[in-house]
Every structure is written in structure tokens, then in C-alpha cells.
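Open your viewer and get ready to make a few selections. We will go stop by stop, with a word on what to look for at each one.

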Amino acid sequence: MREVFHQSLEDVQGRLVEIAELVTIAIDKATRAFSSSDVALAEEVIEADAVIDEKAVELDELAIEILARQQPVARDLRIVVSALRISASLERMGDIAEHIAQLTRMRFPERAIPKGLKSTFTKMGELDVAVARKLTELLRTEDPILAEEIRNDDDKLDDLHVSVFEKVLSDTWQGEASATVDATLASRYHERFADHAVSVAKKVVYLSTGDWTVETGTIDIVAP
């Protein structure tokens, strides 16, 4: 019975990694579609989001079943409870990738990226993809160094997010109202994607250590 229980816990971790991999594919495709106005690629992201949602629901059902049947304690309990919270964040990250894809589809055949912001959004997209890949590896290995790297990448995205707002609010901005809305929404989506990744990273560190406040290098990872 104990062996079956531990197999279930391993299944939980494996499913988290699987969902994170799907989210990575989604954000990679979404940001590339957004950059190039590739509506076919955007449609792939939109259609695939249902798979991420389904996987998250299945994981939640497994976690709840483990809680009900096995009544885990200590680290085992942390694994199950953390999995429920992490799956919710991963599902939301998939939704954000879908939102970016929807912006691309909505503006097609025009470009969704307003003139003068292409390089900024290219950097934001690259950082989001890097964050997603690191998060997948973090879920697989529980390496706290990866959590620190995700936090650093999030800081870079925050700075880019601020730069977008400074651009659209400046006196030199000549974009139409629709361009201003697109820039604001897209920037917020990119920034929030990384925020959710940081939230997951904090939970993984807690899962590994049992402590919400853990210093890794020069960064304190603290519960929200």
C-alpha cells in the first residue's frame, strides 16, 4: 500500500512537469505568433489551451483523491497541497499564453505589436519562454538556483513592462487608441506570466524545504 502511495506522489510530480511542458510550448508559440502576426500559430495555442485545462483538472482530482484516501502528513502532505496550488498557477499561465494568441488573431492581418515596441516585446517574449523552461526544470529537480533565476528574469520583465507604459504615456507616442490598448494588454500579459512563475517557484522551494522563507544566493524567496 505504501508503495502505491509513493507511486501516486511521483505521478503528481510527473503531471506537474507535463503541464509545465505544455505551458512552455504554448508561450513559445504565442509569443512567436504575436511577433510575426502568424494567425495559424496563434490558433494552435488557442485550441491547445483546452488540453492544459483538462490536464490541470485531472491532476487536481488525483491530488484530492490522495488527500481523501491516504491522509498524507509532513512532506507528503506538502507535495499534495502544493500540487493543487501549482496546477492552478500553471493553468493560468496557459490562459495568458492563449490571451496573447487571441490578440494576434484579433488584429490579423495587421500586426498586433504597435510601431516602436517590437524590440521590447521580442525581449519580453524571450524572457517568458526562458522562465517557462526554467520552471519546468525546477518542477523536475527542485533546484533552488532555478528559482532565483526565475525571480531575476521576472525583475527584467517588470522593467520592460514599465518601459512600455512610459512609451505609451509619453508625449511622443503617436499610436491610435487601439494600439495603446494592445500594447498595454500585451505588456500586462507578458508580465503576469512571469509573476505566476515566481509564485510557483516559491511553492516549489517550500515543497523542498518546508519553509516559506529561504535564502538562495542574494535573493529571499518569501511567501506572498
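Start by selecting Arg140, which sits in helix H4 (residues 118-141). Keep in mind as you go that this is a predicted model. Is Arg140 buried, exposed or partly exposed? With a relative accessibility of 39%, Arg140 is partly exposed, because buried residues fall under 20% and exposed ones over 50%. Now add Leu16 to the selection: 124 residues separate Leu16 from Arg140 in sequence, yet their C-alpha atoms are 8.6 Å apart.

Stay with the end of H4 and pick Glu142, in the loop between H4 and helix H5 (144-169). Its phi is positive, about 60°, although Glu142 is not a glycine. Most residues other than glycine have a negative phi. Glu142 also counts as buried, at 19% relative accessibility.

A similar stop is Ser37, in the loop between helix H1 (2-36) and H2. Here too phi is positive, at about 60°, in a residue that is not a glycine. Ser37 is buried, with 12% relative accessible area.

Next, select helix H2, residues 39-70. Its 32 residues span 47 Å from first to last C-alpha, close to the expected 46 Å. At its start, look for a side-chain oxygen of Asp38 within 3.2 Å of the backbone nitrogen of Ala40. Further along, a kink of about 25° is centred on Ala48. Which residues of H2 are buried? Among them are Leu41, Val45, Ile52, Leu59 and Ile66, along with Asp49. As you view them, recall that residues three or four places apart on an α-helix point the same way, because there are 3.6 residues a turn. Just after H2 comes Gln71, with a positive phi near 45°.

Now move to the loop between helix H3 (74-107) and H4, where you will find Pro109. The peptide bond joining Phe108 and Pro109 is cis, with omega about 10°. Most peptide bonds are trans.

For the largest pocket, look for about 300 Å³ of space. It is lined by 16 residues, and those closest to its centre are Pro114, Lys115, Gly175, Glu176 and Ala179. Helix H6 (residues 177-209) gives the most to this lining, with 3 residues.

Finally, colour residues 17-103 and 122-204, where an unreviewed UniProt entry places the feature "domain: PhoU". Residues 17-103 are 94% helix and 0% strand, with end C-alpha atoms 27 Å apart. For residues 122-204 the figures are 89% helix, 0% strand and 28 Å.

Methods. Residues are numbered from 1 along each chain as its sequence is written. This is a predicted model: local features need pLDDT of at least 70, side-chain atom pairs count only at pLDDT 80 or more; totals for chains, interfaces and linings use all residues. Side-chain values use heavy atoms; hydrogens and water are left out. UniProt positions are given in the numbering used here, feature names are shortened, and annotations may be inferred rather than shown by experiment. Helices (H or I, at least four residues) and strands (E, at least two) are DSSP runs, numbered from the N terminus. The expected span of a helix is 1.5 Å times one less than its number of residues. The bend at a residue is the angle between axes fitted to the seven residues ending there and the seven starting there. Buried means under 20% relative accessible area, exposed over 50%, partly exposed in between (1.4 Å probe, protein chains only). A polar contact is a pair of N or O atoms within 3.5 Å; within protein, one must be able to donate a hydrogen and the other to accept it, and residues adjacent in sequence count only if both atoms are side-chain atoms. On a 1 Å grid over the protein atoms alone, a cavity is a set of points where a 1.4 Å probe fits but cannot get out, and a pocket is an open set with protein on both sides within 12 Å along at least five of seven lines; lining residues have an atom within 4 Å of a point. Grid points are joined across faces, edges and corners, and a volume is the space filled by probe spheres set on the points.
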